[in-house]
Amino acid sequence: MSLLTLAEVTKRYEGVQALNRVSLQIEKGTIKGLIGPNGSGKSTLFHLISGMERPDSGRIFFREKEITSLDPHKIALMGLGRTFQTIQPLGNMTAVDNILTGMDRRLRGGLLSCGFWLPRIKRSEREALKEAKGILEFVGLLGRWEWPASQLSFGEQKMLDLGRAIALRPELLLLDEPAAGLPPAEVDALSKRILKLREDGMTIFLVEHRMEMVMEIADEIAAFHHGEVIAEGSPDEVRRNDRVIETYTKGKKTHA
């Protein structure tokens with residue numbers, strides 16, 4: 001079953017073709033990787049899916065409902081979460097409060113702003129705190145739960161960003177360069193967490209420059225170049241694709 005469908009999606013910026021008639025599907029319960037050189041349109045695609053920008057043409061469907069023109073908060077409440085290339089922790093808040101803020105969008109009654117003065121609200125607050133600590137344990141930050149986010153290391157802030165996205169309990173999670181800047185040991189730990197999320201029923205759409213990571217954990221991969229899909233299939237199929245090989249070989253020569 002397709003959880004997300006993009007149909008002929010196009011986006012231009014001042015004459016630059018960022019995306020050209022992109023059509024993709026993401027099947028429920030899978031990890032789909034999206035690879036491509038810098039500037040190939042990957043982050044633009046994520047912005048369109050999450051409602052931060054609008055396509056010039058084409059349509060986007062999530063859970064068989066069109067979301068092409070919906071605002072980001074409405075799309076999030078439908079069950080779509082995301083992380084960003086540039087980490088965005090709420091630095092003046094503790095790690096646990098960052099997670100609670102991510103949960104607040106789905107908690108009935110505006111839990112974080114209502115004062116907790118009713119027994120039902122107090123019970124909900126205890127349950128929310130327990131869940132938030134569970135998320136921090138999952139991302140390896142339980143020991144930092146009372147630390148201000150600004151005092152966490154870069155890698156810890158990346159994991160906090162992931163935890164805040166998970167707190168929404170999304171059905172589909174968009175991960176934009178989650179391994180960027182992480183050392184190998186932390187990349188391995190991140191890969192295991194992503195696989196565990198899929199095992200627990202979450203669908204993942206992953207943009208990542210670390211090819212070895214994508215090839216290892218993705219069920220299916222789409223390769224982008226100049227705003228177009230040049231290959232799509234299993235990791236082995238994409239790895240052997242002539243256009244993908246040519247694109248990445250040219251990229252290495254350019255940066256040599």
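Let's start with Phe138, which sits in helix α4 (residues 119–138). This is a predicted model, and in it Phe138 is partly exposed, with a relative accessible area of 26%. That figure falls in the partly exposed class because buried means under 20% and exposed means over 50%. Zooming out, the protein has 256 residues, and 46% of them are buried. Its secondary structure comes to 9 helices and 10 strands.

**Around Phe138**
- Leaving aside residues up to four places away in sequence, Phe138 touches Ile166, Arg193, Lys196 and Leu197.
- Take Arg193: it is 55 residues from Phe138 along the chain, yet the C-alpha atoms of the two are separated by 7.6 Å.
- Contacts like that fit a wider pattern: among the protein's contacts with a separation of 6 or more, 66% are between residues 24 or more positions apart.

**The nonpolar cores**
- The largest nonpolar core has 43 residues, and the ones touching the most other members are Ile99, Leu160, Leu162, Leu173, Leu190, Ile194 and Ile204.
- Domain 1 (4–89 + 170–255) and domain 2 (91–151) both chip in residues, so this core lies between them.
- A second core lies apart from that one; it has 25 residues, including Leu4, Leu6, Val22 and Ile26.
- Back in the largest core, have a look at Ile99. Not counting residues up to four places away in sequence, Ile99 touches Ala132, Ile135, Leu136, Leu160, Gly163, Arg164 and Ala167.

**The cavity**
- How many cavities of 30 Å³ or more does the structure hold? There is just 1, and the largest cavity has a volume of about 60 Å³.
- Its lining is made up of Thr83, Phe84, Ile87, Lys158, Asp161, Leu162, Pro178 and Leu190.
- Sorted by type, the lining residues are 5 nonpolar, 1 polar and 2 charged.
- Helix α5 (residues 154–166) gives the most to this lining, with 3 residues.
- Two names may ring a bell: Leu162 and Leu190 line the cavity, and both are also on the list of residues that touch the most other members of the largest core.

**Helix α1**
- Is helix α1 (residues 42–49) buried or exposed? Buried: 8 of its 8 residues are, so the helix is largely enclosed by the rest of the structure.
- The buried residues are Lys42, Ser43, Thr44, Leu45, Phe46, His47, Leu48 and Ile49, so named residues such as Lys42 and His47 count as under 20% relative accessible area.
- Just after α1 comes Gly51, which takes a positive phi of about 85°.

How values were computed. Residues are numbered from 1 along each chain as its sequence is written. This is a predicted model: local features need pLDDT of at least 70, side-chain atom pairs count only at pLDDT 80 or more; totals for chains, interfaces and linings use all residues. Side-chain values use heavy atoms; hydrogens and water are left out. A nonpolar core is a set of buried Ala, Val, Leu, Ile, Met, Phe, Trp, Tyr and Cys residues joined through side-chain atoms within 4.5 Å. Buried means under 20% relative accessible area, exposed over 50%, partly exposed in between (1.4 Å probe, protein chains only). Domain bounds come from an automatic or database domain assignment. Contact means heavy atoms within 4.5 Å. On a 1 Å grid over the protein atoms alone, a cavity is a set of points where a 1.4 Å probe fits but cannot get out, and a pocket is an open set with protein on both sides within 12 Å along at least five of seven lines; lining residues have an atom within 4 Å of a point. Grid points are joined across faces, edges and corners, and a volume is the space filled by probe spheres set on the points. Helices (H or I, at least four residues) and strands (E, at least two) are DSSP runs, numbered from the N terminus. Ala, Val, Leu, Ile, Met, Phe, Trp, Tyr, Cys and Pro count as nonpolar, Asp, Glu, Lys and Arg as charged, and the others, Gly among them, as polar.
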